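Biologist: I am new to this structure and should be grateful for a close look at one part of it. Please explain each term as it arises.

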Amino acid sequence: MAGSAHRQVSVRDVATAAGVSVGTVSTVLNRPGVVSPGTRARVHAVMAELPARGTPVVVVDRTRGGGTHCTVAVDDVLGGELAVAHLLEAGHDRVAFVGGPMTVGQVRDRREGALRALRGSAASLVDVPTAALAVAEGWEAGQRLSGLPARDRPTAAFCANDLLALGLLQHCVGTGARIPEDLAIVGYDDVEFAAAAAVPLTSVRQPRRLLGRTAAALLKEVREEDHEHEQVLFTPELVVRGSSRGR
């Protein structure tokens with residue numbers, strides 16, 4: 001059929017050629033750290049070998065496109081910096097970073113931002129690693145924090161996402177710890193129910209609708225012959241609520 005040599009390659013084409021699922025290809029593009037090195041290499045090799053116009057993909061919520069794809073993301077380093085700077089301004093000098101696994105790029109970036117906020121101050125960051133970004137992991141982090149000697153216990157926590165923050169908040173409420181007097185908490189994502197928590201949760205908000213609209217617009221442009229890949233980075237916003245107001 002005329003023009004078939006220039007057919008747009010799809011994610012399904014890549015998956016078929018690499019012998020993996022469509023979901024695996026998507027994960028390689030968006031969360032490569034959770035895919036085995038062998039599978040990542042196979043998918044990347046197939047993408048390089050397929051027709052030059054490449055796969056019509058816009059990578060969302062990840063800044064590392066390497067120039068091979070359009071990316072739409074939020075500046076998570078800045079988001080982490082905003083969160084911890086807020087806690088420092090509230091008078092905290094020992095801040096826990098609750099998050100993991102560190103193979104997730106967003107977690108690494110948010111922690112990097114936290115460290116950036118601490119530069120030049122006498123405050124310290126206490127890492128509380130988690131195996132997943134889930135409520136149960138946040139609750140477990142609360143267990144570990146409450147078990148520390150009082151002199152070593154952080155007075156504030158920045159969580160890599162709101163699910164962790166809500167789990168930590170649940171633990172504090174269940175054990176009688178006062179928020180924010182005993183522990184100030186800041187989350188990330190500003191999910192819909194953050195404001196409705198037992199103590200309304202301070203969180204870093206991402207412009208999710210704008211992310212989606214921008215990704216959709218770029219996906220249309222990717223199909224054009226003269227398209228040049230773009231890396232779009234949005235600025236996050238700190239939404240302050242009761243879980244972190246001044247001590």
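Modeller: The answer below follows one pocket, two helices and the chain beyond them.

The model is predicted, so to speak of local features requires pLDDT of at least 70 and side-chain atom pairs count only at pLDDT 80 or more, whereas totals for chains, interfaces and linings use all residues. Residues are numbered from 1 along each chain as its sequence is written, and side-chain values use heavy atoms, with hydrogens and water left out.

The second largest pocket (an open set of points on a 1 Å grid over the protein atoms alone, where a 1.4 Å probe fits, with protein on both sides within 12 Å along at least five of seven lines) holds about 250 Å³ of space; that volume is the space filled by probe spheres set on the points, which are joined across faces, edges and corners. Its lining, meaning residues with an atom within 4 Å of a point, comprises 14 residues, and S146, R153, A177, D182 and L183 are the closest to the centre. By class, seven lining residues are nonpolar, five polar and two charged (Ala, Val, Leu, Ile, Met, Phe, Trp, Tyr, Cys and Pro are nonpolar; Asp, Glu, Lys and Arg are charged; the others, Gly among them, are polar).

Two helices, α6 (135–146) and α7 (162–175), each give at least two residues to this lining, and α7 provides the largest share, four residues. Helices are DSSP runs of H or I of at least four residues and strands are runs of E of at least two, numbered from the N terminus.

The axes of α6 and α7 lie 6 Å apart, and the helices pack at about 50 degrees (axes are lines fitted to C-alpha atoms over the stretch in contact; angles run from 0 to 180 degrees between N-to-C directions). That angle makes α6 oblique to α7, a word for angles other than those under 35, over 145 or from 65 to 115 degrees. Their crossing is right-handed, the near helix being turned clockwise from the far one by less than a right angle. In the contact (heavy atoms within 4.5 Å), α6 uses V135, E137, G138, W139, A141, G142, Q143, L145 and S146, while α7 uses L163, L164, G167, L168, Q170 and H171. These residues divide into seven nonpolar, seven polar and one charged. S146 thus appears both in this contact and among the residues closest to the pocket centre.

Beyond α7, the loop leading to β6 (184–189) contains P180. A cis peptide bond, with omega about 10 degrees, joins I179 to P180. Strand β6 includes D189, a residue other than glycine whose phi is positive, near 120 degrees.
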